[in-house]
Amino acid sequence: MVKYGHLRCEEIFAMSLLAILEFPDRRLRLKARPVAEITDTIRALAKDMLETMYAAPGIGLAAIQVSQPIQLIVLDISEEKNQPMILINPRLVPLGDERSCYDEGCLSVPGFYETVERPAKVQVQALNEHAEPIEFVAEGLLATCIQHECDHLNGKLFVDYLTTLKRERIRKKLEKQHKDADGRA
Ligand code: QAP
Ligand code: CO
């Protein structure tokens, strides 16, 4: 016979997956506002965003993608998915002229990946979830991912770096998928 103890509150695992806006939703084009005060509400949103990102699975997510146009991004580029980063009001400064190319995707552009060229190295300044200033230099995939997420805060998507032809093809395919999904609902 199995004997059950009382459930302790730290054993209760609450998880919330947030709905992700998809291109060409116009709400992805809003400019995100700075976070004025880092409250429990902001921390709860960051936690839900990380869970949503891990479930996808993805390596980065901006609050604007879950309909909150505020300057908050989460990311984790680690193999083991155990290095979550929360960046609030991030500022980027490119370092040097070196550029690098990565195949980028986006949770708001599901199913599409294209090569994007960006500065290889950036200086990052932000606040963490405890309102402490953090500052570091990012290179490699981390630099690309942070730039991709910071673009979201300015209403910019990776498809904006592609040719009009490629972007329009992606838009038409996603619009058709959205229409078909609506028809089934
Ligand atoms: C941004 O994107 C990024 O199409 C984060 O069907 C991506 O996490 C920066 C995803 C690559 C640099 C390189 C995309 C999941 C996740 C999809 C993501 C999909 C399922 C994208
Ligand atoms: Co994205």
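Let's start at helix 2, which contributes 4 residues to the lining of the second largest pocket, the most of any element there. Keep in mind as we go that this is a predicted model.

That second largest pocket holds about 230 Å³ of space. Its lining is made up of 16 residues, and those nearest the centre are Leu-92, Gln-147, Cys-150, Asp-151 and Asn-154. Besides helix 2, strand 3 (85–94) and strand 5 (114–119) each give two or more residues to this lining. Sorted by character, the lining of the second largest pocket has 7 nonpolar, 3 polar and 6 charged residues.

Now turn to the largest pocket, with a volume of about 400 Å³. Here 20 residues form the lining, with Ile-59, Glu-104, Gly-105, Cys-106 and Tyr-113 lying nearest the centre. Two elements, strand 4 (99–104) and helix 2, supply two or more residues each. Which element gives the most to the lining of the largest pocket? Once again you will meet helix 2, this time with 5 residues. The lining of the largest pocket divides into 11 nonpolar residues, 6 polar ones and 3 charged ones.

Cys-106, one of the residues nearest the centre of the largest pocket, leads us to the metal. The cobalt ion (ligand 2) is held by the SG atom of Cys-106 and by the NE2 atoms of His-148 and His-152, at 2.1 to 2.3 Å. Along the chain, these donors follow the spacing C-x41-H-x3-H. Why are the two histidines separated by about one helical turn? His-148 and His-152 both belong to helix 2 (residues 140–153), and they have this separation because they are 4 residues apart in that helix.

Are these histidines buried or exposed? Buried means under 20% relative accessible area. His-148 has a relative accessibility of 8%, so this residue counts as buried. His-152 is buried too, because its relative accessible area is 0%.

From the metal site, let's move on to the sheet. As background, strands of a sheet pair through backbone hydrogen bonds, either parallel or antiparallel. In this model, 5 strands come together as an open sheet in the order 1-2-3-6-7, with antiparallel pairing. Strand 1 (60–62) and strand 7 (133–139) stand at the edges with a single partner strand each, so one side of each has no neighbour in the sheet. On average, neighbouring strands of this sheet are turned by 40 degrees against each other, direction ignored.

Strand 3, which we met in the lining of the second largest pocket, is a good place to look at the pairing in detail. Strand 2 (residues 72–75) and strand 3 run antiparallel and are joined by 4 bridges. Within this pairing, Ile-73 has Leu-87 of strand 3 as its bridge partner, while Val-74 has Ile-86. Strand 3 also pairs with strand 6 (residues 121–127), over 5 bridges and again in the antiparallel sense. If you look for Ile-88, you will find Leu-127 of strand 6 standing opposite.

To retrace the route, helix 2 gives the most residues to the lining of the largest pocket and of the second largest pocket, and this helix also carries His-148 and His-152, which coordinate the cobalt ion (ligand 2) together with Cys-106.

Terms used. Residues are numbered from 1 along each chain as its sequence is written. Chains are lettered from A and ligands numbered from 1 in the order in which they are written. This is a predicted model: local features need pLDDT of at least 70, side-chain atom pairs count only at pLDDT 80 or more; totals for chains, interfaces and linings use all residues. Side-chain values use heavy atoms; hydrogens and water are left out. Donors are N, O and S atoms within 2.8 Å of the metal (3.2 Å for Na, K and Ca); water is not among the atoms, so sites may look incomplete. Buried means under 20% relative accessible area, exposed over 50%, partly exposed in between (1.4 Å probe, protein chains only). On a 1 Å grid over the protein atoms alone, a cavity is a set of points where a 1.4 Å probe fits but cannot get out, and a pocket is an open set with protein on both sides within 12 Å along at least five of seven lines; lining residues have an atom within 4 Å of a point. Grid points are joined across faces, edges and corners, and a volume is the space filled by probe spheres set on the points. Ala, Val, Leu, Ile, Met, Phe, Trp, Tyr, Cys and Pro count as nonpolar, Asp, Glu, Lys and Arg as charged, and the others, Gly among them, as polar. Two strands pair if DSSP finds at least two bridges between them. Axes are lines fitted to C-alpha atoms, for helices over the stretch in contact, and angles run from 0 to 180 degrees between N-to-C directions.
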